[in-house]
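Good morning, and thank you for making time for this short presentation. I would ask you to keep the structure in view while I speak.

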Amino acid sequence: MMQNRLQIIMVVAIAVVGGNGLGCSVYGGIKKMRAHTFLVISVFAVLLLAVAQRPVLAQFGPVIACDVDDDGDVDSADVSELSSCMLGPLTRHGNTAPCVFTDANKDEHIDLRDVRDLLNCYSGEGVAADPTCAVRPVDIALVADCAGGNAPSPSQAPGTDLHKLVIDAPGAVCNDGSPAVAYIRGASGPMFANRWVIFLEGGGSCGYFENCRDRWCGLHPIYTAAKMSSVWAHDAIRSAGILDRSMTPIANANLVFLPYCSSDTWAGRHYAAVVTNDVDPSQRFTLHFQGHRIVEAVVETLKNGPVTSEDGLETVPDLSNAEGIIFAGESGGSNGVRHNLDWFTAQFDPAQTTVRAVLDAGFSAPGEWYTDETVGAAIDSHVENFQSPLFGPDMYDGFVDESCAALLAGTPDAWRCTNTPYVALNHITTPFFARMDMTDSVAGGGAAGLGVTIEDFAGAVRAMMLALPRISTTAAEADAVNFTPGVYVPNCSKHIAITNRDYFYVSTVEDATSQRRSFHEALTQWLLGNDVLIADEHPAVTSTCP
């Protein structure tokens with residue numbers, strides 16, 4: 001038995017260093033060795049195992065619950081159990097067999113890659129394993145806790161417009177470790193070949209035991225595990241709003257839609273974060289908060305194009321040749337664009353590529369915009385003490401606007417760099433268009449939980465949005481702001497509009513010349529170089545709401 005275990009360790013160690021082929025080729029020879037000869041060589045295998053700590057593993061850590069038998073250590077018993085699983089396909093979800101616990105790359109097979117990750121966690125019998133090796137991932141840890149929850153259901157409608165592309169890059173994974181995906185569609189013709197729309201989906205966030213558990217288990221009123229995984233992703237989806245080629249010439253560009261599966265407003269850089277129940281610390285699970293890493297990987301993948309979808313039906317060209325990029329997002333995706341925007345712009349040659357951002361929702365006003373100082377203090381306290389800590393190294397290790405972080409590092413205001421409305425007002429230097437409904441039902445509802453009336457909320461949002469066109473003189477980095485943001489502020493209580501036909505194309509607000517403008521018309525005018533500042537009053541005066 002021991003020799004068999006050592007054989008496995010040796011083969012995998014060699015495979016890690018030399019590749020799976022080398023590991024397999026030596027296995028037949030190992031089987032013929034005498035026991036005492038094998039024990040000598042097994043020492044060499046352990047040395048190889050030490051060498052096998054490759055940078056990618058050191059950077060991203062284990063992705064599995066390596067303590068297969070759940071006894072607190074990772075030892076030869078775990079290796080042995082895993083080795084017995086290396087026979088073929090698995091049925092993952094709803095199956096709690098040891099083999100399922102250790103499917104590292106979520107490919108429904110146990111292979112040498114999975115065993116390699118387990119050995120990376122090896123602690124030895126009776127030696128406590130690193131917590132990220134011993135704690136079970138969310139899809140296994142919560143199997144028994146999700147009774148009564150809604151079944152996972154992707155928020156995108158299935159269709160034939162945009163086709164799935166799996167992002168195969170270290171760290172580009174969803175909360176559960178499944179690979180991030182994108183949906184792509186090539187430009188409609190040669191004149192649009194170097195034009196792009198890259199879109200970040202929204203969908204809230206989580207970072208505490210209760211809200212992440214509810215999100216995964218489908219106990220949240222809106223979200224399910226499909227917002228934390230690519231397991232249920234469609235092969236192709238239907239376009240909508242700004243991505244609908246039948247409705248807007250903007251969509252004639254190369255289209256890239258990124259489903260949201262990291263729950264961190266596209267800011268995370270933390271692989272295998274341990275999420276613990278403060279009331280009962282024995283209840284815990286791991287999540288990968290890798291939103292920023294996904295954005296990085298997508299940019300790198302597209303810049304090594306052309307890239308073809310998994311079904312071979314859609315191809316987009318090399319992003320390095322882009323002449324114009326619209327980087328857009330809704331809700332949590334709008335926040336994600338702001339976290340990443342100036343970094344994103346810096347990945348391209350400004351002499352060749354023009355980047356413009358479109359930000360839909362996510363502009364809940366900071367406290368300074370409230371006339372009631374007590375209400376404003378409550379708003380800022382919530383962000384500073386509840387939202388901002390999630391960006392720390394224990395949870396998201398969040399990526400924020402780099403110039404903001406540099407300017408406020410070590411000051412009491414450093415937390416403000418996690419607050420994207422503040423960042424837009426003070427630190428973003430890439431041109432952007434912002435749309436925010438002043439009575440946004442989602443954001444306004446959240447503020448109501450802090451005792452904020454809808455009247456106070458609407459007044460603060462409107463005042464802040466009207467200030468955006470002045471940031472070239474008022475921003476903390478005013479000297480670097482050489483543009484005037486476009487602003488569109490309806491009053492329809494609609495959270496997101498950019499992917500909604502009625503609220504992107506049909507709903508209107510009067511501009512200063514009494515012309516009615518839809519979100520789409522206002523955005524088009526701004527992209528053409530015109531100043532756009534359109535805002536209703538509260539109560540609503542000029543908004544038409546479908």
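Let me begin at one residue, Gly218, which takes a positive phi of about 75° just after helix H10. I should say at once that this is a predicted model, and that every value I quote is computed from it.

The helix that precedes Gly218 deserves a closer look. H10 covers residues 209-217, and its buried residues are Phe209, Cys212, Arg215, Trp216 and Cys217. What do the buried residues of H10 pack against? Their partners are helix H9, residues 138-141, together with two strands, E6 at 270-276 and E7 at 284-289.

Cys217 also brings us to the disulfides. How many disulfides does a search of the whole structure find? The search returns five, and I shall discuss three of them.

The pair that involves H10 is Cys146 with Cys217, whose sulfur atoms are 2.0 Å apart. This disulfide is left-handed, because the torsion about its S-S bond is about -55°. Cys146 sits in the loop between H9 and strand E1 (158-166), while Cys217 belongs to helix H10, so the bond ties together parts that are 71 residues apart in sequence. Both cysteines of this pair, Cys146 and Cys217, are buried.

The next pair is Cys404 and Cys417, again a disulfide with the sulfur atoms 2.0 Å apart. The link between Cys404 and Cys417 is left-handed, with -90° about the S-S bond. It connects distant parts of the chain: Cys404 lies in helix H14, residues 402-408, and Cys417 in the loop between H14 and helix H15 (420-426), 13 residues apart. Cys404 and Cys417 are both buried.

The third pair I wish to show is Cys492 with Cys545, joined by a disulfide with an S to S distance of 2.0 Å. The link of Cys492 and Cys545 is left-handed too, with -85° about the S-S bond. Here the pair links distant parts of the chain that are 53 residues apart. Cys492 is in the loop between strand E13 (486-489) and helix H19 (501-506), and Cys545 is in the segment after strand E16 (533-535).

Are the two cysteines of this pair buried or exposed? Cys492 has 15% relative accessibility and therefore counts as buried. Cys545, with a relative accessible area of 39%, is partly exposed.

Both of these cysteines touch Ser507, so let us turn to that residue. Ser507 is found in the loop between H19 and strand E14, residues 508-510. With a relative accessible area of 3%, Ser507 is buried. Leaving aside residues up to four places away in sequence, Ser507 touches Tyr488, Cys492, Asp502, Arg517, Ser518, Phe519, Thr544, Cys545 and Pro546. One polar partner can be named: the backbone oxygen of Thr544 lies 2.5 Å from a polar atom of the Ser507 side chain. As for spacing, the C-alpha atoms of Ser507 and His520 are separated by 9.5 Å, the two residues being 13 apart along the chain.

Ser507 leads us, finally, to the cavities. Rolling a probe the size of a water molecule over the atoms shows where empty space is left. Here the count comes to three cavities of 30 Å³ or more.

Which residues line the second largest cavity? Ser507 is one of them, and the others are Arg435, Asp437, Tyr488, Pro490, Cys492, Lys494, Ala497, Tyr503 and Phe519. By class, that lining has six nonpolar, one polar and three charged residues. The second largest cavity holds about 40 Å³ of space.

The largest cavity contains about 170 Å³ of space. Its lining is made up of 19 residues, with Gln156, Ala226, Ser229, Pro259 and Cys261 lying nearest the centre. Divided by class, the lining of the largest cavity has 13 nonpolar, four polar and two charged residues.

Let me close with the chain as a whole. The chain has 20 helices and 16 strands. Of its 546 residues, 55% are buried. Among contacts between residues at least 6 apart in sequence, 73% join residues at least 24 apart.

Technical notes:
Residues numbered from 1 in each chain as written. Predicted model: local features only at pLDDT ≥ 70, side-chain atom pairs only at ≥ 80, totals over all residues. Heavy atoms only, no water. 1 Å grid on protein atoms, 1.4 Å probe; cavity = no way out; pocket = protein on both sides within 12 Å on 5 of 7 lines; lining within 4 Å. Points joined across faces, edges and corners; volume = space filled by probe spheres on them. Nonpolar A, V, L, I, M, F, W, Y, C, P; charged D, E, K, R; others polar. Buried < 20%, exposed > 50% of the residue type's maximum accessible area, 1.4 Å probe, protein only. Helix = DSSP H or I, 4+ residues; strand = E, 2+ residues; numbered from the N terminus. Contact = heavy atoms within 4.5 Å. Disulfide = S-S within 2.5 Å. Polar contact = N/O pair within 3.5 Å; in protein donor to acceptor, adjacent residues only side chain to side chain.
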